[in-house]
Amino acid sequence: MVAIVPKLQINSLRLHTDFTELAQIGHTANGGISRVALSNEDLEARAWFANQIEEAGFFVRDDEVGNLSGVLPSKAKHAQTLLIGSHLDTVPNGGQYDGAIGVLAGLECMRAISDAGIDLPFHLEVISFTDEEGWWQSFFGSMGLTGTLKSHHINDAQQDNAAFRAALYRAGILVSEVDRAIRPMDDLCGYLELHIEQSARLEQARKNIGVITGVVGRSAYVYTFYGEGTSAATTHVNDRCDALQGAALFITKMHALIAEEYPDGIVNCGNIEVQPGTFNVIPAEARLRVECRHQDRTTLLEIESRLVEMAHTIADTYRLSVKVEEMYKREVAIMDEHLMTLIEGICDEQHLSHQRMVSYAGHDAQILSPFTPTAMIFIPSKDGISHNPREYTEWHDVENGANVLLSTILRLASEKV
Ligand SMILES: [Zn+2]
């Protein structure tokens, strides 16, 4: 049934035309892209993508969480679906490649396969997931599809999510219907995502392709140090209970701990709120938002508990108290070993150098990976810059990545026949 064309390649010019057209939608004065999820620009990009799917002769599919797909159906009975794709939304003033490459290369692979008259043993579906970047809710679309989207993601009592719900409604997404987006996972035979690397490891190692082994686990905590807000002028130095002094030492020691003992880990303090926040009162409260990332689940837990211990030791030293609240937890995601090996073999055949690597950034693939065999293909990012107008990937690297994606689809097809 399947006549696999071994040398089938994507049409680079067609892909590039799509890329430059899409980059017009939400473009900013300094060459960036602002297409935050559910914005006018995002909706315009979705309409454009739906048109491209229809023009190519595929079925357009959308679901109750706003995921938008093109489908090349299989003639095989009881065929499963192979998902390929990424996301069309961006961060504010982000770049042209993040997310867009995965979706556009997916569409181009479908066109190449369709043009060659290949009947696949699975339905091939190129999907753009809603709000991967988290302008409203990170991974809204992929969580909706996998059934991991919970009501608190939309109706968080801690926050006023009225604007989010209004944006969903405006995009035709009804909160009461989102559960209908859940797919039976037995219907899927895998998910493949091509993405730019967003750091400089491939470039520095002079490798063409990154084969992703997993996405780091991630947790976010709020640490609140409590002191006493007395007069900065008259409180004796030995009587000061300065919450900010404790918090500052905590931040410094936290980074030192990671640098010295967990070089594969990442911690970040991205925000400090100080009360009462005036220059002549000793800080009574310092609230820090701290994030930790690591590829190994046990090590991540160890880092987290050592930071809590460190915070308590510092609080004791400065006669403070400290409260630690977990705000967010995302488990380590593991990619499929068989797919990784398959992609490595394809790189060898195409004379592309490659290396296995972990992803420190989050991707929809990590949401899919517990449910269906999942793989990610990375291509180099110039100077490792992303979420920025200067985000750039050489076009030949995009071509390489798209051709590896295409060959992976075809190899999976040949395995299933
Ligand atoms: Zn992305």
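This passage describes the zinc site, two helices and one buried leucine of a predicted model.

Residues are numbered from 1 along each chain as its sequence is written. In this predicted model, local features require pLDDT of at least 70 and side-chain atom pairs count only at pLDDT 80 or more, whereas totals for chains, interfaces and linings use all residues, and side-chain values rest on heavy atoms, with hydrogens and water left out.

The zinc ion has as its protein donors His87 (NE2), Asp98 (OD) and His195 (NE2), at 2.0 to 2.2 Å. Donors are N, O and S atoms within 2.8 Å of the metal (3.2 Å for Na, K and Ca); water is not among the atoms, so sites may look incomplete. Along the chain, the donors follow the spacing H-x10-D-x96-H. His87 and Asp98, 11 residues apart, both lie in the loop between strand S3 (81–86) and helix H3 (100–115); helices (H or I, at least four residues) and strands (E, at least two) are DSSP runs numbered from the N terminus. His87 is buried, with a relative accessible area of 0%, and Asp98 is buried at 5%. Here buried denotes under 20% relative accessible area, exposed over 50% and partly exposed the range in between (1.4 Å probe, protein chains only).

Helix H2 (residues 40–55) comprises 16 residues, and its end C-alpha atoms are 22 Å apart, in agreement with the 22 Å expected at 1.5 Å a residue. The expected span is 1.5 Å times one less than the number of residues. The buried residues of H2 are Asp42, Ala45, Arg46, Trp48, Phe49, Ala50, Gln52 and Ile53. Their packing partners are helix H1 (12–22), strands S1 (59–62), S2 (68–72) and S4 (123–128), and H3. Gly57, which follows H2, has a positive phi near 90°.

The axes of H2 and H3 come within 11 Å and cross at roughly 10°; axes are lines fitted to C-alpha atoms, for helices over the stretch in contact, with angles from 0 to 180 degrees between N-to-C directions. The two helices are therefore roughly parallel (under 35 degrees). At this contact (heavy atoms within 4.5 Å), Trp48, Phe49, Gln52 and Ile53 of H2 meet Val103, Leu104, Leu107 and Arg111 of H3.

Leu307 is located in helix H9 (residues 297–317) and counts as buried, at 0% relative accessibility. Beyond neighbours within four places in sequence, Leu307 contacts Tyr223, Phe250, Met254, Leu257, Val267 and Cys292.

Terms used
Angles under 35 degrees count as roughly parallel, over 145 as roughly antiparallel, 65 to 115 as roughly perpendicular and the rest as oblique.
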